[in-house]
Amino acid sequence: MIHNEELTPQLTADGSFTFFSSEFGELFHSHFGAKQEAECKFVEPLQLRKKAATSPLFLLDICYGLGYNTAAALTAIWEVNPHCKIEWIGLEFDQRIPQVTLEYNLLSAYPNYIQEILKELAENHRLKTELFNANLIIDDARNTISTVYNSGFKADGIFLDPFSPAHCPQLWTVEFLTRVAQCLKPQGHLATYSCSATARSALIQAGLHIASTPPVGRRTPGTLASFDPSSLPPLSPKELEHLQTRAAVPYRDPNLSDTAEMIILRRQAEQDTCTLEPTSHWKKRWRSESIL
């Protein structure tokens, strides 16, 4: 598990740092920039500066990791409304990640008071001030999401930031994302960096409507989800057709306890027997259209 691996800062293109996970074979953030990704994939799509007029504001950070998403969110909200009260819950599997982030001073680009808040969260997991009531829960998010739901917490904004579906399918299943959606307000929004058809399909099966967010440093967009379709721009014909291919068969984890290998094999079996169009046909069709 991640707990035993060496964590070494990796420089990204915008000058911010991230870590590489040998367990998942991926960087924690895009190599184009950890700070840029937090702002453009999460803060902006969730319209947190606009929502800062609402107080209190409820935020749920799934896969808190190094803390960039929360650091960017708090900075943006309090720049617009210094009096905005924030109720915050973070879910993280490995408590060492936020602690090692502090040791390397990776969040130095953010205001000192933001760094102090994240330091308190990394060390004590809880913080209650006049403006900020926070709880960082350390465990498998599949277990803790039920704790969040049972507490009655309903988020205005959710950051969904696990490793990619191919490497961490257990946090992209229909069952997990259904629990996540149950923690979202009717007018709230969920943002994620992924536009994979399997992730989008799971979000739809969880009862949410989806839209694309602008690409950041790469060709592919992210995804914004909400119960309220009127707050979302429509998907393109290409994106809609992608959701009708075998790539859109979602991951399933009926008891929220299966291994990644079991979840992947279950999806492969469903893909092998489904009647959906092969994704290669979709790719070929749209490639030929782009040439015309």
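**Burial, strand pairing and core packing in the predicted model**

Strand β7 (residues 132-138) is largely enclosed by the rest of the structure, because five of its seven residues are buried; buried denotes under 20% relative accessible area, exposed over 50% and partly exposed in between, with a 1.4 Å probe and protein chains only. Helices (H or I, at least four residues) and strands (E, at least two) are DSSP runs numbered from the N terminus. The structure is a predicted model, in which local features need pLDDT of at least 70 and side-chain atom pairs count only at pLDDT 80 or more, whereas totals for chains, interfaces and linings use all residues. Residues are numbered from 1 along each chain as its sequence is written, and side-chain values use heavy atoms, with hydrogens and water left out.

Strand β7 pairs with two strands, β5 and β6; pairing requires that DSSP finds at least two bridges between the strands. Strand β5 (residues 86-92) runs parallel to β7 and is joined to it by seven bridges, with G90 bridged to L136 of β7. Strand β6 (residues 126-128) pairs with β7 in the antiparallel sense over three bridges, and here L127 has A134 of β7 as its bridge partner. The connection from β6 to β7 is a hairpin of three residues.

The largest nonpolar core contains 84 residues, of which L60, F132 and F176 touch the most other members. Such a core is a set of buried Ala, Val, Leu, Ile, Met, Phe, Trp, Tyr and Cys residues joined through side-chain atoms within 4.5 Å. Helix α3 (residues 68-80) makes the greatest contribution to the largest nonpolar core, giving eight residues. When neighbours within four places in sequence are left aside, the contacts (heavy atoms within 4.5 Å) of L60 are I89, L91, I145, V148, F153, A155, G157, I158, F159 and C183.

Helix α1 (residues 34-43) is also mostly covered, with seven of its ten residues buried. These buried residues are A34, E37, A38, E39, K41, F42 and V43. They pack against β2 (17-21), α2 (48-51), α3, β8, β9 (184-192) and β11 (222-226).

Two aromatic residues, F163 and W172, were examined in the loop between β8 (155-160) and α7 (174-181). F163 counts as buried because its relative accessibility is 12%, and W172 counts as buried at 0%. Beyond its neighbours within four places in sequence, W172 is in contact with twelve residues, among them F163, L160, L177, Y193 and Y251. The C-alpha atoms of W172 and R200 are separated by 9.1 Å, although these residues lie 28 residues apart along the chain. For F163 and I210, 47 residues apart along the chain, the C-alpha separation is 20 Å.

The structure holds one cavity of 30 Å³ or more. A cavity is defined on a 1 Å grid over the protein atoms alone as a set of points where a 1.4 Å probe fits but cannot get out, and lining residues have an atom within 4 Å of a point. Grid points are joined across faces, edges and corners, and the volume is the space filled by probe spheres set on the points. The largest cavity encloses about 40 Å³ and is lined by Y64, L66, P98, T101, L102, L107, L118 and A122. Helices α4 (96-103) and α5 (112-124) each give two or more residues to this lining, and α4 gives the most, with three.

Methods. On a 1 Å grid over the protein atoms alone, a cavity is a set of points where a 1.4 Å probe fits but cannot get out, and a pocket is an open set with protein on both sides within 12 Å along at least five of seven lines; lining residues have an atom within 4 Å of a point.
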